[in-house]
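Hi everyone, thanks for making time this morning. I'd like to walk you through a structure, and please keep the picture open while I talk.

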Amino acid sequence: MAEKITMASSSYSILSTNLEETQWVLQISELLQRNEFHTAFESPISIFQVPDSIRNDSPEAFTPRSVALGPFHHFHPQLLNLELYKLGRAKKVKDQIQLAEFHQLISDKLKPLELKIRACFKKYLEVGCEALAWIMLIDGLFLIHLLQIFAEVEVKCSLQRHELPLPELDAEHQQMYLNPKANSMARNEIVSDTLMLENQIPFCVLKEILAGTQIVNDLPLLLYKFCVLVSPFGLPSQINSRTFLDLPQTFQKSHHLLHFLYLLILNQGEMGDDGMDYMGPASPNLLGLCFNVITSVMQTNIVELLQQFSELIQYLFEIFKALIWPSSLEDSFPMIPSASKLKKVGVKFQPKYSLQGIIFNKREAALDLPAITLDSTSHVILRNLVAFEVVAKLNPPCFSQYAAMVNGLIATANDVRILKEANIIINNLESDEEVVELFNGFTKFASKSDSSEIGSPKSTYMVNMVEIIEEVNKYYESKWKIKVRDDEDGGVKFVGGQESEIFIMLELLRRFAEKGVGRIKHPLLVGDQFGINVDSSEHGQREDEL
């Protein structure tokens, strides 16, 4: 109801749906006279509505729980509790930095910015010019208030990311809750809300509000200090000369807080080769793949038979899928074995500082991964970073590829424990199972990067994630290949570091045939075809029983 009242007010927008024809003509004439219509093209679309294909996996990660920033969720009833608090903090910031009165800021700064603001949003905004200006002014000042609180936290350079404290909000916020735990939970929700894709304030709004003040020059540093405390990945807590020089540049390239954090994380570490090729490698040789599977027969035991049978079915399904749709192997993002599987074949895990540090050292059998801290806000931040990258079609898709890699590495809580022991995951959640759930489903959003895409700048700082995963897969599969040697009885013995899924299937089929099918013989069901010693007396006894 509030939304309809606002739209029906005297402040109409050229993009509003309830304009009458005469009003539309008047606004067209006014825009042409002022020559302001070109401002709609000054800002690229950077704030998106999360599509259902992404939202449905984790709707709570994209829906604000405490505070609405911007027009997407502003009129939702469940978010109205903090409106008075938000308005009070906005007035405090306005008075503190000695800005003009609200109505003057609306008329002089925000209304002229209307088309530029609307251009930042992918979704059509069904809100009038006057209401949009008020939303952006109040929410922008409130965001500045949060940045100032986080900037006051003194961070020692010796502290690791998981040791950095989140500050409590002001006394007014603490008085709203009965106990400190509830207050901290509410603060965490506000932090999460500020980093949701649909809850972003365009930086052009903050720049316009603060124009002519000293704080506008400090805005990159305020944003950076906030990100240091909330980023799941470590950022330098102390500003050195290079970081200080890079901050204004990163600020100019980014369009809102989530985008700023995205660029900060990707820019950590050493720069890579400008000529890095992000095209996917040649498609795998399917005949070679099948041959490797068939020739990976080795000794197994009944204890692990059922455990690995499900993995066999999945693996065979991928092979048959590739036979029917050969292009699927070329287009799909490669899967990586779980951490426990890689550990079984001798792969070690080593923590690195940034996403740029991801590398697989084949000689040392070491996979380097960035250390990541997981807490109550990480789920929202990671999901929205990936969603932003996917819907904005950023190339190379670094975050979605990284998340898909970790999704593959973490299949069970045991995989989480392995990465925790390697100091790659610092888990502040209640259980390791929550980490498995956090990364579940990321694989579907990953795609191979396309450096040939028109208008897509080639990254100069990211590693080739696809190439690294395929190198790991080659190393892992090489450990499956059987090694044949003569045993003491002159027979053939198959040994290897990993039991064969193919043998499990054949053994199950052979036993099923012996128990329930009768004397039907097939070469594939006879163990001797694969050098498997079958006790002939036992086999004969089973035939007699049948």
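Let's go straight to helix H20, and to its buried residues: Ala-413, Asp-415, Val-416, Ile-418 and Leu-419. What do these buried residues of H20 pack against? Their partners are helix H17 (339–344), strand E1 (348–352), H19, E5 and helix H21 (432–439). I should say right away that this is a predicted model, so please hear everything that follows as computed from that prediction.

Just after H20 comes Asn-423, with a positive phi near 60°. You'll find Asn-423 in the loop that runs between helix H20 (413–421) and strand E5 (425–427). Asn-423 has that positive phi although it is not a glycine. As background, most residues other than glycine have a negative phi, and most peptide bonds are trans.

Asn-423 has company here. Gln-98 also isn't a glycine, and its phi is positive, near 60°. Gln-98 sits in the loop between helix H4 (83–96) and helix H5 (102–110). Is Gln-98 buried or exposed? Its relative accessibility is 72%, so Gln-98 counts as exposed, the cut-off being over 50%.

While we're on backbone geometry, have a look at Asn-395 and Pro-396. The peptide bond joining them is cis, with omega at about 5°. Pro-396 belongs to the loop between helix H18 (378–391) and helix H19 (398–409).

Helix H18 brings me to a residue I'd like you to click on, Arg-383, which is located in that helix. Arg-383 has a relative accessible area of 4%, so it is buried, which here requires under 20%. What is Arg-383 in contact with, leaving aside its neighbours within four places in sequence? The list includes Asp-57, Ser-58, Ala-61 and Phe-62, and then Glu-437, Leu-438, Phe-439, Asn-440, Phe-442 and Phe-445. Take Ala-61 from that list: Arg-383 and Ala-61 are 322 residues apart along the chain, yet their C-alpha atoms are separated by 6.7 Å.

Here is another pair to find in the picture. Ser-53 and Lys-444 are 391 residues apart in sequence, with 9.8 Å between their C-alpha atoms. Ser-53 is part of helix H3 (residues 52–55), and with a relative accessible area of 51% it is exposed.

Now let me zoom out to the whole chain. The protein has 24 helices and 7 strands. Of its 546 residues, 50% are buried. Among contacts with a separation of 6 or more, 74% are between residues 24 or more positions apart.

Next, the inside. The largest nonpolar core has 132 residues, and Phe-349, Leu-367 and Phe-439 have the most contacts within it. Helix H7 (residues 129–151) supplies the largest share of this core, at 16 residues. Both domain 1 (26–170 + 182–267) and domain 2 (339–450 + 462–478) contribute at least three residues each to this core.

Which residues does Phe-349 touch, not counting those up to four places away in sequence? They are Ala-339, Leu-342, Leu-367, Leu-369, Leu-409, Ile-418, Leu-419, Ala-422 and Ile-424. You may recognise Ile-418 and Leu-419 from the start of the talk, as they are among the buried residues of H20.

My last stop is a helix pair. In general, two packed helices are described by the angle between their axes and the distance between the axes. For helix H11 (residues 215–230) and helix H13 (residues 257–266), the angle is about 70° and the axes are 10 Å apart. That makes H11 roughly perpendicular to H13. From H11, the residues that meet H13 are Pro-220, Leu-223, Tyr-224, Phe-226 and Cys-227, and on the H13 side they find Leu-257, Phe-260, Leu-261 and Leu-264. By type, this contact of H11 with H13 has 9 nonpolar residues, no polar and no charged.

Please pick out Phe-260 there, in helix H13. Phe-260 is buried, with a relative accessible area of 0%. Beyond its neighbours within four places in sequence, Phe-260 is in contact with Phe-203, Pro-220, Leu-223, Tyr-224, Cys-227, Leu-247, Thr-250, Phe-251 and Ser-254. For Phe-260 and Cys-227, which are 33 residues apart along the chain, the C-alpha atoms are separated by 8.6 Å.

That's my tour, and I'm happy to take questions.

Conventions: Residues are numbered from 1 along each chain as its sequence is written. This is a predicted model: local features need pLDDT of at least 70, side-chain atom pairs count only at pLDDT 80 or more; totals for chains, interfaces and linings use all residues. Side-chain values use heavy atoms; hydrogens and water are left out. A nonpolar core is a set of buried Ala, Val, Leu, Ile, Met, Phe, Trp, Tyr and Cys residues joined through side-chain atoms within 4.5 Å. Buried means under 20% relative accessible area, exposed over 50%, partly exposed in between (1.4 Å probe, protein chains only). Helices (H or I, at least four residues) and strands (E, at least two) are DSSP runs, numbered from the N terminus. Domain bounds come from an automatic or database domain assignment. Contact means heavy atoms within 4.5 Å. Axes are lines fitted to C-alpha atoms, for helices over the stretch in contact, and angles run from 0 to 180 degrees between N-to-C directions. Angles under 35 degrees count as roughly parallel, over 145 as roughly antiparallel, 65 to 115 as roughly perpendicular and the rest as oblique. Ala, Val, Leu, Ile, Met, Phe, Trp, Tyr, Cys and Pro count as nonpolar, Asp, Glu, Lys and Arg as charged, and the others, Gly among them, as polar.
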